[in-house]
Each structure stands twice: as structure tokens, then as C-alpha cells.
Amino acid sequence: SSLRVVYAFAREMHPKTSDVFIQYGTAGFRTKANLLEHVVYRMGLLAVIRSRVKNGRTIGIMITASHNLEPDNGVKLIDPDGEMLEQSWEEIATRLANVSDNDLESTTAEVIKQVNADMALKASVFIGMDTRYTSPRLAAAAANGVIALKGTPKEFGIVTTPMLHYCVKCRNDNTYGTPTEEGYYEKIVGAFKNIRQKLPVYGEYNTTLYVDGANGVGGKKLNIIKKTLDGELDLHLYNLGGNGGKLNLNCGADFVKVSQKPPVGVEHVPFQRVASLDGDSDRIVYYYMDDKDNMILLDGDRIATLLASYVTQLLKSAEAADLKLGLVQTAYANGASTRYITEELKVPVSCVKTGVKHLHHAALSFDIGVYFEANGHGTVVYSDKAKKTIGNIASEGEPEQRKAAQLLLNLIDMTNETVGDAISDLFLVETVLCARGINAKQWLQSYTDLPSRQLKVTVQDRNAISTTDAERRCTSPEGLQNRIDALVAKYKSGRSFVRPSGTEDVVRVYAEADTSKSADKLASEVAQAVF
Ligand code: NG1
Ligand code: ZN
């Protein structure tokens, strides 16, 4: 059959060259780039099957290893509404990625049968990639996989991860926007410009923003956007990938958050706010250097509280009292942020397992859900009910109500609701700071972070650790939680937990306490207990 030819072609073009087991985890498949070609080819096959199961709706394939260093790469699938691949398919992806070349044909046939795909239907797959030098070859392998099963690939070239999510969503739902990079700029940057006309710059806010592009795709895209801005924002872009700057190396959002150090390659002016993106531009944290050269971090928790408090304020002005806003965090959220949200903002918070799909899902249970990981990955999702109510008030409310509702409509347009998006989040943050007339130092004043520390521990089998209660407690190995409890009890405002990473072969340790010395000490004691 013609499929025979396809599998023979796979063996020759994209052979499986490694026997290392690879698993579809929180961020898809991620490993050394040279181990991925056959995996990506097979994800091309799977995307076609998935598209047919979804009645020919478009599926996305993104080639990226996000904040990892240059030698790594990865691949993940995007579902029709722009969200992460449905969880039950992760096992199927893993199975398909690991079979031998000889078994690829029969396994693919099994999968097609299992998911009941009608292989006579059309199939459409959007493919995007980050700036890694290994990405073009992998994107080509993905396209070959799509063509092999007679699907139609469309290659977007170098795009941010959230841009591809956005394009997939738009392709399947044209009310959301135009499925192109230009369409993305028009909607998001357009909404930002629109809102700037309504909310002029005042107070302590100033339009200068420095950006650490992590030598990845986000900085390059901001450089395109910068040319279309007209004084609304004065972007100073650093780490754009030139001058020998290496992707994510000692720069970018993950480096800044985890090491609690400023990135290399950025010029520092005291109190000047800097936005730091990660390699594929789905995460963002802010920071500034004070006059004693200390770095002050404004992380994902801080962005979440800023956005939640502003949306709450606008809902109040719009008198949209029946819309319930909620916030979603993970165990990594700073304890001080959780207390601030609950006690000061009086917004309900839920805590879920690490991984955007869990946060996104939990956020959907609110009329308006704000979700952020502490590392800066997050967005806001608005239910149909919220959009309808706000839309009605914007056209029929009293003048003051209308004004607030129209601002909310602009915020909704500025938001990439499909996934956390550094560029969209940047414009949202700048909008709120401007609306409030505040600078970064004033933004910091809402609450004081508890000092925290993250460590990685390499163990023989990270999956020997199992957790419960949104990963805040562990249930195995036996006795470990008791030891952690005993250590935590020694520290004022102490909190600590351990969990196996879903993206690296390590166990992560998190600790917070009243001083950074205590947080560091608690983290290293808990790390010892894990061995
Ligand atoms: P793991 O490796 O499971 O901790 C990391 C991040 C997640 C998420 C994923 C996907 C931390 C502590 N963990 O997961 O939040 O962003 O990568 O990129 O930041
Ligand atoms: Zn990322």
C-alpha cells in the first residue's frame, strides 16, 4: 500500500537512532536535539491523526525547548482551541515516539483504530519553531510526517510559542482573529495602542522599558513591534541573539527567576524596570536594580496580582457584580502573594499541580480566571458569559460603566487567552502600570515576598517521589514528608516541598522562610533529606 512506502521513507529519512526512552511530559518531548528527529517526524503523523479525530480542524506543532540551553530542543502539539494536547493523548504520543522503525507501521495503524480516526478526512497542521539552529531540520521532519499521512502542513517559520497557539486558535475560530503573525500584532498591539489613547501617561509611570530577549525569538518579534509603536512605549531591547549572545545562557526569565541574578548583556540603570523573556517567549518576569545594585524581582505572582487587582477594579466600575474573578497558582507561588490575594484583594485562589495545562483548566472554572506560575508563565481567560456581560455594559451601560467596560474589552483583545504569552503579558503589565501612574518600586509595595530558594537534586529515580495536595506534600518515599515537616518547623514562616520535575531528570526542592539565609538553609537541608 502507499502507507508501506511512507514507513520505508521514514526509516530512511528520519530513522530512530537511539534507544533512550522518551516521554511526552509537561512541555511535550524535550531532550538533546540530535535525539529528536524521528520523534518529531512521528509527531507529524500523530498531528494528522489528531486533526482527523477533530474533524479536520487544525492542530499545531511547535519546535522549541523554551528556556533550556541551545543543545536541547523539543516538540509539543497544540489542540484546536490553542490549548495544550489533551492529556489522554500524551500516552499515545509517547508510545508512537518510542516504537522501533520496524513497528512504526503497525503501531500507527493501532493508534488510528484506537482513536477511531477517519483517514479519508482532510487534515491541517500548523508548524512553528524557535531560533535554535537545530529547529529548521526538525520542523522539516515534522512537515514530512504530516505529508506522509496526506495532511496539509503550513510552516510559520520562526515564531514565539504563543503566536503559534494563537494562530491555531484563529484558524479554527475566525472570531478570535486572523491566523497570521501580522494578525497577532494587529490584535494585541492594536489593543494596546487603543487603550493608550484612553489612558494617557501620568504620575510616576514612564514609557521607557528595557527588555532582556534571552537571545531568543521574543526579542526579535519585539524589534518588529517597536517599529510600529509611536511613543506609546519606548523599548530598549537587549539580548537579541547578535554579538555572540547564546540562547538562555545567563539570561532570560528562567535564569533571572531561579538564580535571582540579573541577566548578562543588559545595561542597568538604577530603578529602571526590565522585562525578561524566556527563549520561546511564553514567560516573562520583571525586575529592577536598586541604587545598591540589588536585584528586585517582580515575578509571575506579582504580575498575576497586578492584573487581577486591575480587572477587579474595572469590574467594579462597570458594576458587573455577577462576574466572579479567581486566581490560580501552584505550590511555587510565594506565600506572601497568596496571603495578599486572599486577604487584601479578597479574590479566591486555587492551587494546582505544576504545568500550564493544570492552571489553564482550573482558571476556566471562573468567569474570569487569572493564572500564573511564579516563573512568569500565565495569562487571563474570560468566559463567554464574561465577554457577553462586558460587551453589553460597554454598549448599554451608564457613561462611567461604559468607560470601564470598554477598557475591559481592550484588555481582552490584548490578552492571548490560549496560553501564557510574554509579549501579551508585557503589554498588559505596561497598561496597568500606566493606568495607575506607578513605577516599578511602587508596584513592589503591594506586598513583600518571603525570601525563597529553589534547588535541583539528581537522584537515581526521581519518580520514587510521589506527591499529593497539589504537590505540596509527598506520599513516598516513606518518612520523607515527616523529615521535611521537622525541618520546616525550625524556621519562622518556613515552607518547603519537593517534587520530581516533569521536564528534567531531577527532583526540585523549594523553600521559603523569613530571611534569605534561612530559606537557603532550609532548602539545602531538605535537599539532603531527599538523597
Ligand atoms: P518542571 O521541570 O516540571 O518543574 C518546569 C517549570 C514549570 C513549567 C514547565 C514547562 C518550575 C518550577 N517548573 O517544569 O512551571 O513551566 O517547566 O516549561 O518553574
Ligand atoms: Zn517557554
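Here are legends for three close-up views of this predicted model.

Residue numbers start from 1 along each chain as its sequence is written, while chains are lettered from A and ligands numbered from 1 in the order in which they are written. As this is a predicted model, local features need pLDDT of at least 70 and side-chain atom pairs count only at pLDDT 80 or more, but totals for chains, interfaces and linings use all residues.

**View 1. An open sheet of 5 strands, with a helix packed on it.** The order is β7-β6-β8-β9-β10, with mixed pairing (strands are DSSP E runs of at least two residues, helices H or I runs of at least four, numbered from the N terminus; pairing takes at least two DSSP bridges). At the edges sit β7 (234-238) and β10 (295-298), each paired on one side only. The twist averages 30° from one strand to the next (axes are lines fitted to C-alpha atoms, for helices over the stretch in contact; angles run from 0 to 180 degrees between N-to-C directions). Helix α15 (residues 422-436) touches β6 (208-212), β8 and β9, and makes about 50° with the direction of β9 (contact: C-beta atoms, placed from the backbone, within 7 Å).

**View 2. The antiparallel pair β8 and β9.** Strands β8 (residues 274-277) and β9 (residues 284-289) are joined by 4 bridges. Leucine 277 has isoleucine 284 in β9 as its bridge partner.

**View 3. Helix α11 and its buried residues.** Ser337, Tyr340 and Ile341 are buried in α11 (residues 335-345) (20 or more other C-beta atoms within 10 Å of the residue's own, all placed from the backbone). Looking down the axis of α11, the buried residues fall within an arc of 95°, so they line one face of the helix (the arc is that of directions from the helix axis to the C-beta atoms). They pack against α10 (300-317), β11 (325-330) and β12 (349-352). Just after α11, lysine 346 has a positive phi of about 55°.

Methods. Two residues are in contact if their C-beta atoms, placed from the backbone, lie within 7 Å. A residue is buried if 20 or more other C-beta atoms lie within 10 Å of its own, exposed if 12 or fewer, and partly exposed in between; C-beta atoms are placed from the backbone.
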